[in-house]
Amino acid sequence: MKKIEAIIKPFKLDEVREALSEIGVTGLTVTEVKGFGRQKGHTELYRGAEYVVDFLPKVKLEVVVADGLLERAMEAITTAARTGKIGDGKIFVTAVEQVVRIRTGESGEAAV
């Protein structure tokens, strides 16, 4: 099993969720986060004063998938989240050793 963590633009969340549902992903976790990469923030004007917005609002998706679904899930996220502009985000993949569904006690891929 693999854990996919994707940092995307907030307005792309619904498109990514739908794309993952279409390939059979049944659950995911979403967290509102702030950060920057090459985008490095920007300057805004508020009540006549300029200020720098260092951290940009993003959304972090976390989903655990079976190894056989990994490539399709990554492709679905990439396609749905892409705008072609700087700041589209990143995908990180890590190995998951064990999963246990607390309610039923199921473990392994059955718990995903």
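Colleague: In which strand is the place of Gly-35?

Modeller: This is a predicted model, in which local features need pLDDT of at least 70, side-chain atom pairs count only at pLDDT 80 or more, and totals for chains, interfaces and linings use all residues. Residues are numbered from 1 along each chain as its sequence is written, and side-chain values use heavy atoms, with hydrogens and water left out. Helices (H or I, at least four residues) and strands (E, at least two) are DSSP runs, numbered from the N terminus. Residues 29–35 form the strand that holds Gly-35, namely β2.

Colleague: Is Gly-35 buried or exposed?

Modeller: A residue is buried under 20% relative accessible area, exposed over 50%, and partly exposed in between (1.4 Å probe, protein chains only). Because the relative accessible area of Gly-35 is 17%, the residue counts as buried.

Colleague: Which residues does Gly-35 touch, not counting residues up to four places away in sequence?

Modeller: A contact requires heavy atoms within 4.5 Å. With residues up to four places away in sequence set aside, Gly-35 touches Asp-54, Phe-55 and Leu-56.

Colleague: In what order do the strands of the open sheet stand?

Modeller: Two strands pair if DSSP finds at least two bridges between them. Here 4 strands form the open sheet, and their pairing is antiparallel. The edge strands, each pairing on one side only, are β2 and β6 (89–95). The full order is β2-β5-β1-β6.

Colleague: Over how many bridges do β1 and β5 pair?

Modeller: Strand β1 covers residues 2–8 and strand β5 covers residues 56–65. Ala-6 stands opposite Leu-61 in β5. The two strands pair in the antiparallel sense, and the number of bridges is 7.

Colleague: What angle does the direction of helix α1 make with that of β5?

Modeller: Helix α1 (residues 13–22) packs on the sheet and touches β1, β2 and β5. Axes are lines fitted to C-alpha atoms, for helices over the stretch in contact, and angles run from 0 to 180 degrees between N-to-C directions. For α1 and β5 the angle is about 10°.

Colleague: Which strands does helix α2 lie across?

Modeller: Helix α2 spans residues 70–81 and runs at about 5° to β1. The strands that α2 lies across are β1, β5 and β6.

Colleague: Which residue forms a salt bridge with Lys-3?

Modeller: A salt bridge is a side-chain nitrogen of Lys or Arg within 4 Å of a carboxyl oxygen of Asp or Glu. A search of the whole structure finds 6 of them. For Lys-3, the closest N and O atoms of the pair are 2.9 Å apart, and the partner is Glu-62.

Colleague: How many residues apart are Glu-5 and Lys-60, which form a salt bridge?

Modeller: The closest N and O atoms of this pair are 3.1 Å apart. Glu-5 is buried, at 18% relative accessible area, whereas Lys-60 is partly exposed, at 22%. The pair links strand β1 to strand β5, and its separation along the chain is 55 residues.

Colleague: What is the radius of gyration of the protein?

Modeller: This quantity is taken over C-alpha atoms, and the globule rule is 2.2 Å times the number of residues to the power 0.38. A compact globule of 112 residues would have a value near 13 Å. The C-alpha atoms fill a box of roughly 60 × 30 × 20 Å along the principal axes. The radius of gyration of the protein is 17 Å.
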